[in-house]
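This briefing looks at two parts of the fold, a sheet and a helix, and sets out how each is arranged.

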Amino acid sequence: MKRSWKKMTGLFMAAALGVSLMGFTSEAKSTEGAADAAESLNETKEMVLGSVRDMIPGEGDAFYVNLSAQVWEPLVINNNHKLEPGLAESWETNDDCTEWTFHLVENASFTDGVKFDADACMKNIERYKAGPLTSTYTSLSIDKSFPNLKEMVKIDDYTVKFVFSEPITTLDALLGDYGSPMISPNCFDASTGEITSQVVGTGRYIIDEHVQDQYATFVRNEDYWGENPGKLKSYRVNCIPDSETRYSALVSGEIMGLMDNGAIMVDAADKLVKSDDRFVIEPTKSHMTHYLYVNGSKEYLGDVRLRQAISYAIDREQLNETLYAGLCYPAYGALSNQTPLYKDIQGEYNLEKAKELADEVLGGQRLQTTMILGQRVVDGYPVKAMAEYMQAALSEIGIDMTIEVLDNAVTTDRLKAGDYDFNITVTGLNSADPYATLFGWMGTEGGSNVSYHWNYSNPEVDELLSTVLNEKDEQKRAEIYGRLQEISAEELPVIPILYYVNVNIHNKEVTGYVSDLFDGVSIPTLEWADESK
């Protein structure tokens with residue numbers, strides 16, 4: 001009876017509005033037809049996107065292909081810092097956190113037919129021991145993913161136990177995403193860990209075709225083990241390093257959208273959507289942050305007072321408004337504002353205080369310095385304009401600066417040789433646990449600290465870093481990370497400048513442009529919109 005009443009009510013309403021039942025039915029069929037048309041396009045029309053870099057760096061890369069391509073999957077998924085099951089469906093630890101047991105999914109296979117099980121999992125982790133394996137994304141090593149690992153024990157075909165010589169309370173966070181890539185054992189050399197063939201994984205997509213530094217195409221894995229396979233039958237990502245060329249490709253319709261951090265200047269995207277209604281921006285906070293590296297091994301720059309002076313002399317609000325249409329956020333803390341254990345630390349622009357501190361160190365003399373910028377960062381972000389602003393700002397406090405834009409490889413070599421004074425970079429957090437980042441920057445033996453000649457050392461920092469991974473109490477662990485961030489904001493081993501945003505600009509013919517914290521766009525949700533032709 002209730003259903004009949006609703007039906008009659010609908011008829012009365014249609015009559016009152018002068019709408020025929022036939023017209024209503026036709027509209028419903030039209031909507032249904034549009035949805036069917038979009039679904040048909042998903043199966044027949046390849047979607048083309050644009051990126052700053054090649055989605056497939058290749059055999060010399062620890063991961064071979066970007067995680068966002070959905071070719072390989074990790075044990076644990078870091079979904080915007082919410083840890084979720086990946087190829088491990090669950091896990092638990094003993095009371096003192098020296099033993100972690102992971103239960104693996106039982107229905108996944110690599111696309112070359114190899115079953116994903118405990119043996120395949122352990123072979124992958126043995127591969128990490130050959131590291132550190134380098135990548136354009138982040139390094140891969142046993143010390144980074146499984147610090148103080150003592151042994152692995154196969155409990156059964158789908159259960160693995162990891163035993164550690166020291167307690168570790170955040171292993172699941174360390175294994176998120178790039179911390180635990182699982183690829184077919186047929187793809188790598190067991191002794192060196194190096195990838196030896198095109199990578200196959202258990203993911204939603206399979207590599208179809210690849211031309212280095214030009215494009216990569218991917219097709220859906222029709223035998224995907226999990227839920228929610230990709231909506232698109234196939235997609236393609238064109239590698240377009242030049243920002244103006246990416247912009248032109250978007251406007252011309254050669255590509256439907258941009259992905260990856262720094263794919264378009266924020267102000268350019270803002271102007272485009274205001275002048276062309278074919279496009280839309282869906283800005284979301286990013287894990288990427290602009291930092292100023294300072295060579296602490298150089299005379300004067302190793303003095304904390306001069307680093308503080310430099311920070312006070314930078315008007316972050318002005319940089320944000322001028323270069324990013326006000327969409328970014330001034331940064332004063334070492335960690336990304338998208339980090340779960342991020343502490344909100346505020347600072348200020350104070351030119352008088354900057355001059356006072358600089359004069360204490362320089363004694364009235366002028367310091368001659370060089371800023372080096374990598375070409376890739378220049379292509380993806382307005383860092384050259386940022387450097388030119390800093391050039392003018394620092395001249396006010398007695399620091400003269402020459403700017404050099406260099407090839408990426410040359411930039412890396414100069415950083416490692418200590419042949420620079422300043423460098424602007426854009427980097428992010430690849431784990432839900434900030435230990436690796438803070439150790440690398442603040443630990444006396446930290447990787448970036450040593451490699452880039454920051455020469456930073458603080459006994460309190462080393463002591464805090466030595467205890468934080470073993471601390472089981474979440475509140476105490478948060479307090480330790482908070483204290484480390486306070487020290488970093490005061491002593492500035494690196495100088496944070498701006499917290500970035502993902503612009504996520506795309507043609508309205510595309511929908512499902514859902515933000516992915518680490519790579520800008522989520523591939524599995526992309527599809528052609530109903531109104532596509």
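Two strands are taken to pair if DSSP finds at least two bridges between them. The model is predicted, and in it an open sheet of four strands follows the order 5-6-8-7 with antiparallel pairing. Strand 5 (88–93) and strand 7 (149–156) stand at the edges with a single partner strand each, so one side of each is left without a neighbour in the sheet.

**The sheet and the helix packed on it**

- Direction ignored, neighbouring strands of this sheet are turned by 20° against each other on average.
- Strand 6 (residues 99–104) and strand 8 (residues 159–164) are joined in the antiparallel sense over five bridges, and His103 stands opposite Thr159 in strand 8.
- Helix 3 (residues 118–128) packs on the sheet, where it touches strand 6, strand 7 and strand 8, and its direction makes about 165° with that of strand 7.

**Helix 6: its faces and packing**

- Arg246, Ala249 and Leu250 are buried in helix 6 (residues 243–252); seen down the helix axis, the buried residues fall within an arc of 100°, so they line one face of the helix.
- On the other side of helix 6, Glu244 and Ser252 are exposed.
- The buried residues of helix 6 pack against several elements, among them strand 1 (47–51), helix 7 (266–275) and helix 11 (375–380).

**Helix 6: its ends**

- Asp242 caps the N-terminal end of helix 6, with a side-chain oxygen 3.3 Å from the backbone nitrogen of Glu244.
- Gly253, which comes just after helix 6, takes a positive phi of about 90°.

Definitions and conventions
Residues numbered from 1 in each chain as written. Predicted model: local features only at pLDDT ≥ 70, side-chain atom pairs only at ≥ 80, totals over all residues. Heavy atoms only, no water. Helix = DSSP H or I, 4+ residues; strand = E, 2+ residues; numbered from the N terminus. Axes fitted to C-alpha atoms, helices over the stretch in contact; angles between N-to-C directions. Contact = heavy atoms within 4.5 Å. Buried < 20%, exposed > 50% of the residue type's maximum accessible area, 1.4 Å probe, protein only. Arc of directions from axis to C-beta. Polar contact = N/O pair within 3.5 Å; in protein donor to acceptor, adjacent residues only side chain to side chain.
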